[in-house]
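Please look through the structure below with an eye to its side chains and the contacts they make. The paragraphs that follow take up charged pairs and then aromatic rings.

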Amino acid sequence: MSEPPERQPGLKLGEAPPRLPVTLEGAAVALLMAVLAAITFANVLVRYFTDRSFAFTEEYSVALMVVLTLLGASAAFAADWHIRMTYFVEKLRPAVQRRLELVVLGASLLLFSLVTWYGARLAWDEYRFEVLSPGLGVPQWQYTVTLPVIAALISLRILGRLVRVARARRSI
């Protein structure tokens, strides 16, 4: 019995691939995963062979996982892998699918633009008021600043896809 062909996610709206490949986010994610695995493994070894623990690993691990999640969202929007319900949309005409995708991308762009703005304000407030992290007492803004930076990257990826979908609509 032959296997069915692997179905790629996305709506297949005829847009061009992203100019900056998604492998950039993939390489960053791979590097961060290696760091996360090394930190966690070192903590396990230290706890196994001694009666001590690297308590700082939890704070760094949580920060790295947030960054990993945001980088994954950036890659998902760029490559049209983001989570959505396509059962009903795939039954519509391609022109309606494109319009709906433009609305979804516009709403997503608005959301991540707001996350960028308010995340930057949060990081600035944490810097200005010298907020320290609860576990290690390092400046909290050092963790928080990644939120607006990667949200801005996501916004640019969404904007790029929005332009590609709009251009594909005009060419058909």
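A residue is called buried here when its relative accessible area is under 20%, exposed when that area is over 50%, and partly exposed in between. With those words in place, and keeping in mind that this is a predicted model, we can begin with the charged side chains.

Side chains of opposite charge can pair when their charged atoms come close. A search of the whole structure finds four salt bridges. In one of them glutamate 25 pairs with arginine 157, and the closest N and O atoms of the two are 2.8 Å apart. This pair links distant parts of the chain, since glutamate 25 belongs to helix 1 (residues 23-49) and arginine 157 to helix 5 (residues 146-171), 132 residues apart. Glutamate 25 and arginine 157 are both buried.

Helix 5 also takes part in a salt bridge between aspartate 80 and arginine 161, where the closest N and O atoms are 3.2 Å apart. Aspartate 80 sits in the loop between helix 2 (56-79) and helix 3 (94-128), and it is 81 residues away from arginine 161. Aspartate 80 has a relative accessible area of 6% and therefore counts as buried, and arginine 161, with a value of 0%, is buried as well.

A further salt bridge joins the side chains of aspartate 125 and arginine 128, at 2.8 Å from N to O. These two residues lie three residues apart in helix 3, so about one helical turn separates them. Aspartate 125 is partly exposed because its relative accessibility is 30%, and arginine 128, at 46%, is partly exposed too. Elsewhere, salt bridges that share partners join Asp80, Glu101 and Arg161 into one network.

We turn now to the aromatic rings, among which six pairs are counted. One of these is the edge-to-face pair of phenylalanine 77 and phenylalanine 112, with 5.8 Å from centre to centre and 75° between the planes. Because phenylalanine 77 lies in helix 2 and phenylalanine 112 in helix 3, the pair ties together parts that are 35 residues apart in sequence. Both of these phenylalanines, 77 and 112, are buried.

Tyrosine 87 and phenylalanine 88 form another pair, whose ring centres are 5.1 Å apart and whose planes stand at 85°, so this pair is edge-to-face. Here both tyrosine 87 and phenylalanine 88 are exposed. Tyrosine 87 has a charged partner as well, for lysine 91 lies over the face of its ring, at 4.5 Å from the ring centre. Finally, ring pairs link Trp124, Tyr127 and Trp141 into a cluster.

Methods
Residues numbered from 1 in each chain as written. Predicted model: local features only at pLDDT ≥ 70, side-chain atom pairs only at ≥ 80, totals over all residues. Heavy atoms only, no water. Helix = DSSP H or I, 4+ residues; strand = E, 2+ residues; numbered from the N terminus. Buried < 20%, exposed > 50% of the residue type's maximum accessible area, 1.4 Å probe, protein only. Phe/Tyr/Trp six-rings, centres within 6.5 Å; stacked < 30°, edge-to-face > 60°. Lys NZ or Arg CZ within 6 Å of the ring centre and 35° of its normal.
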